Each structure stands twice: as structure tokens, then as C-alpha cells.
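Thank you all for coming; I would like to spend a few minutes walking through one structure. Please have a look at it first, and then I will take its parts in turn.

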Amino acid sequence: MEKHINSLLNKFVNESITPDERTMLKKSVSELSDQELKQAMSDVWEQYETKATSPVTFEQIARKLSIKSQSPIRRTLLFIAKVAAVIAIPLLIGIQVHLYITNDELNKFIGQQLAIQVESGEKASITLPDGTKVYLNAATSLSYPSDFGLNQREIYLTGEAYLEVAKDAEKPFHVHTDEVEIEVLGTKFNVSSYPDQGEVETTLIEGSVKLTTKNNSQHSVIMQPNQKVIYSKKNRQLSSLQTTGHFETAWTRGELVFRSAKFSDIIEKLKKRYGIDIQISGDKYNTDLFTGSFKEEYIHGVLRLLQMHYQFTYTERNGKILIKMK
């Protein structure tokens with residue numbers, strides 16, 4: 001029985017299952033207890049784990065991508081993370097939606113809000129159930145309903161993400177941030193909406209999107225490729241400019257790019273990128289603007305390059321970097 005279930009689950013994951021086998025899987029899974037279902041899917045995960053391209057362990061994935069739920073079924077969601085960091089959610093939702101499983105624990109799962117938290121110093125990517133690819137920058141959170149794609153496609157974003165949205169004319173894709181909403185049919189774009197920044201930036205690479213502000217006097221704009229729209233939280237105004245998108249998407253290529261940036265703004269980006277606390281004594285160079293780019297794996301390489309432009313020394317103590325301006 002166990003081998004039979006594992007075989008059917010493998011075919012389901014690989015999308016090679018026949019209609020008759022799908023019916024058989026539906027019947028077999030509905031007869032399993034929650035513990036038996038967990039064991040069967042864990043066995044499937046073990047086969048994928050040996051093929052993983054990432055060297056991280058499941059424990060590291062669970063820690064770096066804290067998949068959480070708003071209900072007390074965290075153990076279920078952590079199990080989902082174990083099934084596979086990228087395919088798990090589409091897999092379980094697919095089983096529930098397409099096989100109509102009556103399993104109690106999975107039924108509890110449906111209707112919950114899933115959240116992915118990427119900590120400072122980390123980046124991540126996820127493929128949503130509809131095939132949309134989302135690349136998440138450091139200090140970013142993404143949430144969406146567990147039945148995403150069934151009737152509608154909506155995600156909620158805080159931080160920065162690059163999206164390659166799967167086309168579906170009947171189900172527009174909506175990105176919600178605190179300040180703006182973006183409606184998409186199928187496109188590639190970058191959105192940056194960090195709470196500690198005074199602006200929300202949306203850069204369209206391909207396709208077309210509709211951006212709408214959420215303040216009392218709503219404003220909308222239909223964006224075109226190579227256009228960047230900036231929303232000022234202070235003035236509640238929209239502005240736009242032309243761009244190649246190379247600067248805005250540099251983070252997806254592992255690059256840090258600065259254009260006329262203040263030293264304090266550079267430090268804030270370094271905190272997010274490398275996940276380390278940085279303290280500065282003295283603000284002599286806060287008005288001195290810097291333009292440049294870095295592709296350094298470790299923060300010390302960036303700091304040494306910055307020392308060529310700014311006069312400062314730094315030390316690292318107890319996991320913190322202390323910068324002293326000369």
C-alpha cells in the first residue's frame with residue numbers, strides 16, 4: 001500500500017499521472033490518516049531532496065523562509081516546507097483542488113493565509129501555483145491565500161520582489177502593498193515597497209500593468225515597458241521616468257548599485273543585503289553622494305571599497321560593525 005501511494009504521488013508531482021490513476025490516488029489518500037499521509041509525502045520529499053541544487057538543509061530552508069500561518073497549524077505548514085521549498089505549496093494545493101481530498105488536516109489548511117519571510121542577508125525565490133515566479137529580496141515578506149489561483153490571484157508584499165507573472169486573461173494578478181496596488185495580466189516587473197523608505201518604486205520590464213494608489217484621492221496609471229513609476233508617501237503623488245530596468249533589477253543578479261546615494265542610505269542597504277547591524281559615529285559625509293556598484297559576497301569587501309571614497313575606519317564586535325568617520 002505504501003509503495004503504491006508513493007508511486008502515485010510521484011506521478012502526480014511529475015504530472016505524468018493518468019485519469020484512472022488520479023481517481024485511484026484520490027480514493028487512496030482519502031482513506032489515509034493524517035500521519036500516514038505525512039509519511040507518504042515525506043518519502044516523496046526524500047527523493048527530491050537528493051536532487052536539490054541548493055546545498056542548504058531543510059532546517060535552514062525553514063529558518064530562512066519562515067513559512068507561517070495565521071492559525072495554530074504551524075506544524076502542517078512546516079511539513080509543507082519539508083516537502084519542498086518551491087513545489088510544496090503548489091503540490092498540496094493541487095492535491096486538494098484537483099482531487100477534492102476530504103483529509104481533515106488538509107481541509108484545515110485550505111483557507112489559511114500563507115506567509116514567506118525572507119530575513120536580512122538572504123534572498124529567495126518561489127513558484128506560485130499558477131506558475132508565476134517571484135524573486136524576493138532581503139527583508140521581504142510575501143503572503144497569499146492557500147487557494148491562490150482557484151478563483152483569483154492576489155499576493156501581499158512588503159519589501160522588494162521581481163515577478164514573472166504567468167498569463168491568465170481570466171484571472172488578473174494583483175499585487176497589494178501598503179500604498180499602491182498593481183494589476184497584471186502577464187508581465188515582468190520589479191516592485192520595491194519597504195516600510196522604512198519614503199517611496200514605492202515599480203519598474204515595468206515587459207508587458208503592461210495598472211498601478212493604483214490607495215490614498216483617499218486614488219490615482220491610476222497604465223505603465224509601459226521600460227517605465228518606472230514612483231509613489232511619494234509624503235506628497236502622495238506619482239511620478240514616472242524612463243529606464244532600462246538594469247539598475248532596478250541589479251539585486252536579482254547579486255549586484256548592489258547606487259546612484260547619487262547618501263552614505264546613510266548606502267549603510268541601510270548594506271544592513272538588508274548582508275543581515276548585519278551597522279552603527280556609525282559621526283555624520284560628516286551624510287551629504288556626500290556616491291555612485292557605484294558592488295558585487296561582493298562579503299560585506300568587508302564592500303567596506304574596503306567604500307573606504308576609497310569615504311574616510312572612515314571600522315571594527316566588528318559581537319556580530320556588529322562599528323564605523324567611525326574620520
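Before I come to particular strands, one term has to be settled: I will say that two strands pair if DSSP finds at least two bridges between them. As background, strands of a sheet pair through backbone hydrogen bonds, and they do so either parallel or antiparallel. Please also keep in mind that what you see is a predicted model.

With that term in hand, let me begin with strand β6, where four bridges join β6 to strand β7, residues 173-176, and the two run parallel. One of the pairs to look for here is Ile155, whose bridge partner in β7 is Val175. The other pairings of β6 that I want to show run in the antiparallel sense, starting with strand β4, residues 133-136, which pairs with β6 over four bridges, and where Val134 has Leu163 in β6 as its bridge partner. Strand β5, residues 140-145, is also antiparallel to β6, with three bridges between them, and here Leu142 is matched with Leu157 in β6. Finally, β6 and β9 run antiparallel and are joined by six bridges, with Glu164 standing opposite Lys188 in β9.

How many of the 12 residues of strand β6 are buried? The count is nine, so this strand, which covers residues 153-164, is largely enclosed by the rest of the structure.

Staying with strand β7 for a moment, I would point you to His174, which lies in that strand. Is His174 buried or exposed? Its relative accessibility is 15%, and because buried means under 20% relative accessible area, His174 counts as buried. If we leave aside its neighbours within four places in sequence, His174 is in contact with Arg153, Glu154 and Ile155, and also with Glu181, Ile182 and Glu183.

Let me widen the view briefly to the protein chain, which has nine helices and 19 strands. Of its 326 residues, 45% are buried. Among the contacts in the chain with a separation of 6 or more, 51% are between residues 24 or more positions apart.

Next, the largest pocket, which has a volume of about 950 Å³. It is lined by 35 residues, and those closest to its centre are Ser192, Gln197, Glu201, Phe247 and Lys269. Which elements each supply at least two residues of this lining? They are the strands β9 (188-193), β10 (199-206), β14 (237-242) and β15 (256-261), together with helix α8 (263-274); β9 is the strand we have just met as an antiparallel partner of β6. As for the character of the lining, its residues divide into 11 nonpolar, nine polar and 15 charged.

Helix α8 takes us on to another sheet, an open one formed by three strands in the order β16-β19-β18, with mixed pairing. Strands β16 (277-281) and β18 (312-317) stand at the edges, and since each has a single partner strand, one side of each is left without a neighbour in the sheet. On average, and ignoring direction, neighbouring strands of this sheet are turned by 20 degrees against each other. Between β16 and β19, the latter being residues 320-325, the run is parallel and there are five bridges, with Gln279 having Leu322 in β19 as its bridge partner. Two helices lie across these strands: α8 lies across β16, β18 and β19 and runs at about 160 degrees to β16, while α9, residues 299-306, lies across β16, β18 and β19 and runs at about 160 degrees to β18.

I will end with two residues whose backbone angles deserve a careful look. Asn226, in the loop between β12 (220-223) and β13 (227-232), has a phi near 65 degrees, which is a positive value in a residue other than glycine. With a relative accessible area of 35%, Asn226 is partly exposed. Ser260 is found in strand β15, and although Ser260 is not a glycine, its phi is positive, at about 50 degrees. Ser260 also counts as partly exposed, at 47% relative accessibility.

Terms used: Residues numbered from 1 in each chain as written. Predicted model: local features only at pLDDT ≥ 70, side-chain atom pairs only at ≥ 80, totals over all residues. Heavy atoms only, no water. 1 Å grid on protein atoms, 1.4 Å probe; cavity = no way out; pocket = protein on both sides within 12 Å on 5 of 7 lines; lining within 4 Å. Points joined across faces, edges and corners; volume = space filled by probe spheres on them. Nonpolar A, V, L, I, M, F, W, Y, C, P; charged D, E, K, R; others polar. Axes fitted to C-alpha atoms, helices over the stretch in contact; angles between N-to-C directions. Contact = heavy atoms within 4.5 Å. Buried < 20%, exposed > 50% of the residue type's maximum accessible area, 1.4 Å probe, protein only.
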